[in-house]
Amino acid sequence: MQVLLSSMRRQMGCQPRLMLHCNGRLTICRWSVILVGCLGLIILCMVTGCSSVQVQDTNTDTDTTDASQALNQESISDKVQPPDQTSDTTAADASANTAAPVEQINLGTVCIDPGHGNTIDSTQTPIGPGASETQAVEPGGTSGVATGTPEYERNFEIALKLKTQLETRGVTVIMTRTSNDVVMSSQQRAEIANTNKAALFVRLHCDGATNSSRVGFSTLVPGYNEWTSGIAAESTRAASIIHPVVIAGTQATDDGIIQRENLAGFNYSQVPSILFEMGFMTNPDEDELLATESYQNSLASSMADGIVQYLQIA
Ligand SMILES: [Zn+2]
């Protein structure tokens with residue numbers, strides 16, 4: 001760059017020592033510096049590539065009580081990570097859960113998973129195919145500090161509204177559960193999305209934290225690990241399209257798009273997957289807001305808008 005600058009200055013007849021004394025030459029030099037700077041930026045952008053995906057990490061508290069959040073806070077990373085080529089992932093591990101190729105999925109089908117159910121089951125199950133780390137089949141979710149409503153009920157209410165909104169937009173909807181009286185592991189839920197070759201696996205949850213001031217809407221996506229390498233990038237792409245539509249439609253506090261590597265619902269999924277944390281039930285105001293028909297409809301319609309934009313069937 002210095003060589004280029006010197007060269008330009010020589011060509012414009014403007015030596016550095018004259019710059020403070022010659023207004024005409026100083027103007028020319030400014031233009032030459034701007035020109036060279038722009039060229040440099042263009043070259044830099046071409047060399048490094050320019051990513052439009054902004055993945056935020058606003059969810060670093062370890063006090064979150066929601067089951068999906070509580071699994072492994074340290075796994076949250078603050079940016080999209082490419083697959084780790086240096087990891088000791090074996091070929092067998094990688095082939096254990098490879099996402100279905102896009103051309104095989106049903107482009108008009110979405111699988112909605114209303115998180116949790118009414119019965120806690122602490123039986124331990126691997127967080128991914130062949131994993132040594134385990135989690136409870138149903139650890140239970142959070143509950144509303146103002147309404148007293150359990151998370152599984154709220155998730156299910158909004159899921160039914162999302163189902164209706166998607167169906168009116170021409171989407172075929174598969175539900176992982178149609179009642180609150182179920183005990184299902186995250187693996188079972190993901191396998192329903194896989195079996196139906198859903199174009200998108202949409203998991204609905206509400207958040208919880210010991211800090212009752214926390215509010216906002218976040219979208220979780222699979223981080224990169226031995227199980228999710230086939231779906232992580234596409235899931236992040238889906239979130240990058242859908243999340244801003246929901247924030248704009250609901251005016252919710254934007255808690256960002258967050259990668260999670262230790263969620264079984266992602267690790268067993270073979271189709272693009274996202275998880276909406278629709279708001280904090282541990283914040284009295286947001287808990288009451290989530291209970292209103294109008295806000296539930298706003299959530300459902302904006303999520304449906306974003307999803308059909310992602311599916312490109314809008
Ligand atoms: Zn939950």
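Which residue of β8 is the bridge partner of L220? It is L275. That pairing belongs to a sheet that runs through this predicted model.

**Overview**

The protein chain has 314 residues, and 42% of them count as buried. Ten helices and eight strands make up its secondary structure elements. Among contacts in the protein chain with a separation of 6 or more, 81% join residues 24 or more positions apart.

**The sheet**

Six strands form an open sheet. Their order is β4-β1-β5-β8-β6-β7, and the pairing is mixed. Two strands sit at the edges: β4 (172-175) and β7 (254-260). Each of these pairs on one side only. On average, neighbouring strands of the sheet are turned by 25° against each other, direction ignored.

Four of the strand pairs are set out here.

| Strand pair | Sense | Bridges | Bridge partners |
|---|---|---|---|
| β1 and β4 | parallel | four | V110 and V173 |
| β5 and β8 | parallel | six | F201 and S273 |
| β6 and β8 | antiparallel | three | L220 and L275 |
| β6 and β7 | parallel | five | F217 and D254 |

Start at the β4 edge. Strand β1 covers residues 106-114 and pairs with β4 in the parallel sense. V110 has V173 of β4 as its bridge partner. Next comes the pairing of β5 with β8, which run parallel and share six bridges. There, F201 is matched with S273 of β8.

On its other side, β8 meets β6. The sense here is antiparallel, over three bridges. Strand β6 (residues 217-222) then runs parallel to β7, and five bridges join the two. F217 stands opposite D254 in β7.

How many of the residues of β8 are buried? Eight of its eight residues are, and the strand is mostly covered. The edge strand β7 has five of its seven residues buried, so it is largely enclosed by the rest of the structure.

**A helix across the sheet**

Helix α5 spans residues 151-168. It lies across four strands: β1, β4, β5 (198-207) and β8 (273-280). Against β5, helix α5 runs at about 145°.

**Two packed helices**

Helix α7 (residues 232-250) packs against α10 at an angle of about 150°. Their axes are 8 Å apart. Angles over 145 degrees count as roughly antiparallel, so α7 is roughly antiparallel to α10. The crossing of the two helices is right-handed.

Both helices bring many residues to the contact. From α7 they include A238, I241, I242, V245 and V246, along with G249 and T250. From α10 they include S298, L299, M303, G306, I307 and Y310.

**The core**

The largest nonpolar core holds 58 residues. Which of them touch the most other members? They are V110, A198, L200, V202, I274, M303 and I307. Helix α10 (residues 293-311) gives the most to this core, with eight residues.

I307 ties several parts of the picture together. Leaving aside residues up to four places away in sequence, it touches V110, L166, L200, V202 and I242. Of these partners, V110 is also bridged to V173 of β4, and I242 is part of the contact that α7 makes with α10. I307 itself belongs to the α10 side of that contact.

Technical notes: Residues numbered from 1 in each chain as written. Predicted model: local features only at pLDDT ≥ 70, side-chain atom pairs only at ≥ 80, totals over all residues. Pairing = 2+ DSSP bridges. Axes fitted to C-alpha atoms, helices over the stretch in contact; angles between N-to-C directions. Contact = placed C-beta atoms within 7 Å. Core = buried A, V, L, I, M, F, W, Y, C linked by C-beta atoms within 7 Å. Buried ≥ 20, exposed ≤ 12 C-beta atoms within 10 Å, placed from the backbone. Parallel < 35°, antiparallel > 145°, perpendicular 65-115°, else oblique. Left-handed = near helix turned anticlockwise from the far one by under 90°.
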